[in-house]
Structures are given as structure tokens and as C-alpha cells.
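Visitor: Could you take me through one part of this model in close detail? I would like to see how a pair of helices packs, and what lies just beyond.

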Amino acid sequence: MKFFELAQCLEPAVPGGLARAPYLRELISMFTTVTEADWATRRDPSSLPSDSTLESMYSRDAAFPKKLAMAMCAKFDAETLIRAMDDLDLAVQELIATNIEAYGEHIDLEDFPYEVTELLVRILHDKAGLQDKIAQLVRQARITSMRVRYEKLLLARSRGCTNCQAPQSVKSHGFSRDSYDIVFLDDTDEVGPDDFAVLCKGCAEKYDLAHTSADITQLRKRNASLLAAESVDAGLAPLGLETKITALLRVINQLPLDEIVPDPGYKVLPLQEKLDDASLIRSCRDSMALYEKYVRKEAQTLDSSGALDFELMRHQIVSAWFTMRNSGMSQYQIAQRLSQWIDERTNIGPYACQVLVAFMIQICDLFAPKKVLSA
Ligand SMILES: [Zn+2]
């Protein structure tokens, strides 16, 4: 496929029905970047050719000067093109893909921004005689397209800098602005969302300057915890369950303080059999010695009146734990994360949520030790 053919296929990406020369200038500026000083000068590939050159270039490859192809390669900016292709409506992407298929090139719609970029990289570098640069650029385009694709997901998941927990946006003089970079972790063949980390500007700069494999391992470990935390959110989001848990939490919170007395018959053994985290054993023991009998009674009342589907709640919390248990978080951290999540959704208060999680640990197969297969 030649440049003029691809350019014609890409016309739906540039609305406005421009004439040939202004259309090609617009298209060229979609995949090249020049500094402000070079903008609209001869160092800007979209300004370099004359209107008549562009007119001819629109319909014949022979009219496309090699020198212009070299200038385009020098200023090629995959990210600008990938973002422009990613922003197109699906119908426009489909139209462009169909246009390109007519030239015998297959474009996978799932991977549209990358596939168009790859095609253009090959065409331009063939024309410029710079074939040796193609592999590296295609690889870079693959990483960039994945970063663009997963950007929203990564930002939502990270809740701040993955390294130092600095917030994603900084506030000054009443305005907030984004302050993050997304770095690529290392050269894996398959690139997925877990191969990137969201870092604050400072940490990203340091990472780009130099990083060790230990740094990468650390960031990957944090990514795994973030992923697990996200699974908790997803696993704990059944329709309407929040309001039902709320009823139970409210009861815990409304128990009069002077009526709550520790249960002298409370046995800590079941907790010790499940937990190996001393902090979590102590905090659950304290909660349960005080609250177990109340929570048990109230959960039964709410369940039998239909106000709480206890089995559903148990199932949700157990499956959330299940996704987190191999995340590298300690048992205490997992329990904290569970109660924090319930608190965010119910707004009754963090203490009641901790009591509820302790209760679930006490009575369910939550934090059950891994089964050891006997020989
Ligand atoms: Zn940071």
C-alpha cells in the first residue's frame, strides 16, 4: 500500500471536506510533532511541500518526494496519531478499516489505533529508505497504544502515585491540575495493563532516568495489590446489597455504649486457627468478644425478615477475599481494605465496618488456611 492510498482511506478521520492540499497538511500534522519554533516553517513536514506537490501526491506515489518522507519520519509522533485514531467514533473506524481492506491490508478493529499506526510507519519508512527503524518504532507504537487504551483504567485503579502515593492531581491557588505520568515497566512481549505504572512527575522522571529490576519488581507487586483492591470493588458491588448491609451496620453503631459488655464465654480459638496475622487476631478478638452475640442475633433477624440476604453478603465477601489472598497484602491489610470498601459504600462509619468484617472472619471460611494436601 502506498502513502496516497492510505491518505485517501483516512479521509473520514478529518471532517470538514477539505480540498486535497489542506487535507494532506492536516493529515500530516496528525502524525508529526514539531516544536513551537519550527511550527509552520520548512522544518514542519506539514508546511514543507507546496500545494501543487500535495495535489499530485494525493493521487500518485511518484509525486511523493523521498525527502518529504524523510522529514515525516524525523518528526513522526506515534502518540499523536494513536490518540487521534482512538478518539474516532466506531463508525468512522469501521469505514476507514473497510477502505483499507480494499487495498488488501487487514485492520483489526479491536486494535484500530495501533494497526493504522503500524501501517503508516511501514509505508513512510519504506519510502524514506529507513527500513531499519521500523521494528523499534512498531514496538514503541504497540506500547503507546496500550498505554492510551488502558489510561483511564490505570488512573482509576492507582489512586495516586504507585511509588510514593502522591495524589494524581495537585491543587494550587484553587485550581487542580493533573500531575502524573504512566511508565512502561519492562520489555515483555505481550503488553497489558499490568505492564504500566502510574507515577507522579517526580517518580516518573527518576524512573525514566534509571531504574533497577528491583524497582520494577516493587512496582509490579504494588500493581498486583491495586488489581486485587479493584477486584474487591467489583466483587463487592452487587445491586442493592449496600442498603441491606447498611441496616446491619446501623444496628452495630447504635448499640448504647454502656450496654456493650464483653462476653466472658467468648473463645478466640476459631480465629487463631484461621489467622496467622497477630494484629488481625487481636483486633478481631476485641471486636467479637464485644459484638459477636449482637451481630449474630441482628443478622438472623434481618435475614429472616428479608431485609438482609446473609448468604449473598457472605458469598460476596468471601469471593473478595479469594481474589486478594494471593496479592501480597497481609491478612491485616486485606481486612482493612474490605472494611474500608464497605465504609465507602455505606457511610455508616469505619468502626461498624471493621466489626462486620471481624464477624465474617469469625463465622465464615474467610482467611481459611490453605489446604495442605496430605501425601
Ligand atoms: Zn511518586
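Guide: Happily; here is a look at one helix pair and the loop that follows.

A word on the ground rules: this is a predicted model, in which local features need pLDDT of at least 70, side-chain atom pairs count only at pLDDT 80 or more, and totals for chains, interfaces and linings use all residues. Residues are numbered from 1 along each chain as its sequence is written.

Our pair is α14 (residues 310-324) and α15 (residues 331-346), whose axes lie 11 Å apart at an angle of about 135°. Helices here are DSSP runs of H or I with at least four residues, numbered from the N terminus. The axes are lines fitted to C-alpha atoms over the stretch in contact, and angles run from 0 to 180 degrees between N-to-C directions. α14 and α15 are therefore oblique to each other; angles under 35 degrees count as roughly parallel, over 145 as roughly antiparallel, 65 to 115 as roughly perpendicular and the rest as oblique.

Who makes the contact? From α14 come Ile 317, Ala 320, Trp 321 and Met 324, and from α15 come Ile 334, Arg 337 and Leu 338. Two residues are in contact if their C-beta atoms, placed from the backbone, lie within 7 Å.

Now step past α15 to Asn 347, in the loop between α15 and α16 (350-363). Asn 347 has a positive phi of about 55° although it is not a glycine. Most residues other than glycine have a negative phi. Asn 347 counts as exposed because it has 9 C-beta neighbours inside 10 Å; the cut-off for exposed is 12 or fewer, for buried 20 or more, with partly exposed in between.

Notes:
Helix = DSSP H or I, 4+ residues; strand = E, 2+ residues; numbered from the N terminus.
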